[in-house]
Amino acid sequence: MPSLGRLHLITDTRPGRDPLAVVRAALPVARADLVVQVRVEDSATDREAYDLARRVVDLCTPYGATCLVNDRLHVALAVGAAGGHVGADDLPVDAARRVLGPAAVLGATAREPGAAVAAVAAGAGYLGVGPCRPTATKEGLPPPIGVAGVRAVAEAVDVPVVAIGGVTAADVPALRAAGAYGVAVVGALSTAADPARATAELIEALTC
Ligand SMILES: Cc1ncc(COP(=O)(O)OP(=O)(O)O)c(N)n1
Ligand SMILES: Cc1nc(C(=O)O)sc1CCOP(=O)(O)O
Ligand SMILES: [Mg+2]
């Protein structure tokens, strides 16, 4: 299996956003270093999720980029995505692994070392760890765990740790020093005036 991309672009499907425009801008810059996680609003229908994910798979394929689907693993399977990401309100990690199969990319959210070790034992291939900072993108999150929280998880597991939550390119050096393999972002790309340039800044920080 090819190595996991370090920059995870999570689609922003809130009203007024154009997630496919952001994906199109990021792909030529980040190429195989990009993972696009298709994440839709809870109110979106499966058909809407499917239509978006199918288009993202088609966009990613020529660049060797990876498409994952958040939460809705049946959509991941239906569009031929590389895998999915689950958290505490989704299928348990072992069930998600059974659904996706042994070769799929499966990420799980873990906010502290105990949960991280359990998720890996259950079949997670990478962990989404956060929130690193306060973020307005998702409601109902626990308080930020900061760089120290990311370090605690990274020291507890031997799978890639992907830091999430209010992350910008300026945070990347400290997160990498703490053991993060990559970062997952919504706002840093979807609200950027120039998403291609913002992608380049993130990739430079992640791969230098
Ligand atoms: C890379 C990454 N990390 C964490 C999350 C959050 O997943 P979850 O806790 O299931 O919350 P929702 O995204 O489903 O609202 C993620 N999506 N990606
Ligand atoms: C979807 C999501 N999950 C998080 C978690 O900590 O589990 S933080 C988050 C939102 C990330 O968006 P932004 O990069 O704009 O802060
Ligand atoms: Mg989820």
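Start with the whole fold on screen: eight strands form a closed barrel in the order 1-2-3-4-5-6-7-8, with parallel pairing. From one strand to the next, the twist averages 25°. Keep in mind as you click around that this is a predicted model.

**Stop 1: where the barrel closes**

Select strand 1 (7–10) together with strand 8 (residues 182–185). These two pair in the parallel sense, over three bridges. To find one of the bridges, pick His8; its partner in strand 8 is Ala184.

Now stay on strand 8 and show its side chains. Gly182 and Ala184 point one way, Val183 and Val185 point the other way, and all of them are buried.

Next, look at the other side of strand 1, where strand 2 (34–38) sits. Strand 1 and strand 2 are a parallel pair too, with four bridges. Put Ile10 in view and you'll find Gln37 of strand 2 standing opposite.

**Stop 2: strands 3, 4 and 5**

Move on to strand 3 (residues 66–70), which runs parallel to strand 4 and is joined to it by three bridges. Zoom in on Leu68: opposite, in strand 4, is Gly83.

Select strand 4 (83–86) by itself. Gly83 and His85 point one way and Gly84 and Val86 the other, all four being residues that count as buried.

Add strand 5 (105–109). Strands 4 and 5 run parallel, with four bridges between them. Click Gly84 and look across to Leu106, its bridge partner in strand 5.

Which faces of strand 5 are covered? Both are: Val105, Gly107 and Thr109 are buried on one side, and Leu106 and Ala108 are buried on the other. Strand 5 is largely enclosed by the rest of the structure, because five of its five residues are buried.

**Stop 3: strand 7 and Val162**

Select strand 7 (161–164). It pairs with strand 8 in the parallel sense, over three bridges. Val162 is found in strand 7, and its bridge partner in strand 8 is Gly182.

Is Val162 buried or exposed? It counts as buried, because it has 28 C-beta neighbours inside 10 Å, and the cut-off for buried is 20 or more.

Leaving out residues up to four places away in sequence, Val162 touches a list that includes His8, Tyr126, Leu127, Gly128 and Val129. Color those, then add Ala180, Tyr181, Gly182, Val183 and Ala184, which Val162 also touches. For a distance check, draw a line from the C-alpha of Val162 to that of Ala178: the two residues are 16 apart along the chain, and the atoms are separated by 11 Å.

**Stop 4: a loop residue for contrast**

Go to Glu155, in the loop between helix 6 (146–154) and strand 7. Glu155 counts as exposed because it has 12 C-beta neighbours inside 10 Å. Try another C-alpha distance here: Glu155 and Gly179 are 24 residues apart along the chain, with 7.3 Å between those atoms.

**Stop 5: helix 1**

Select residues 19–30, which make up helix 1. The helix has twelve residues and reaches 16 Å from its first C-alpha to its last, close to the 16 Å expected at 1.5 Å a residue.

Show side chains on Pro19, Val22, Val23, Ala25, Ala26, Leu27, Val29 and Ala30, which are buried. What do the buried residues of helix 1 pack against? Their partners are strand 1, strand 2, helix 2 (46–60), helix 8 (187–190) and helix 9 (195–207). Then step just past the end of helix 1 to Arg31, where phi is positive, near 45°.

**Stop 6: the two ligands**

Center on ligand 1. There are 18 residues around it, and the ones that come nearest are Gly87, Thr109, Gly128, Ile164 and Ala184. Strand 1, strand 4, strand 5 and strand 7 each supply at least two residues of this shell. Color the shell by class and you should count six nonpolar, eight polar and four charged residues.

Finish on ligand 2, which is surrounded by 16 residues. The closest are Gly130, Thr135, Thr137, Val186 and Gly187. By class, the shell around ligand 2 has eight nonpolar, seven polar and one charged.

Notes. Residues numbered from 1 in each chain as written. Chains lettered and ligands numbered in written order. Predicted model: local features only at pLDDT ≥ 70, side-chain atom pairs only at ≥ 80, totals over all residues. Expected span 1.5 Å × (residues − 1). Contact = placed C-beta atoms within 7 Å. Near = placed C-beta within 6 Å. Nonpolar A, V, L, I, M, F, W, Y, C, P; charged D, E, K, R; others polar. Pairing = 2+ DSSP bridges. Axes fitted to C-alpha atoms, helices over the stretch in contact; angles between N-to-C directions.
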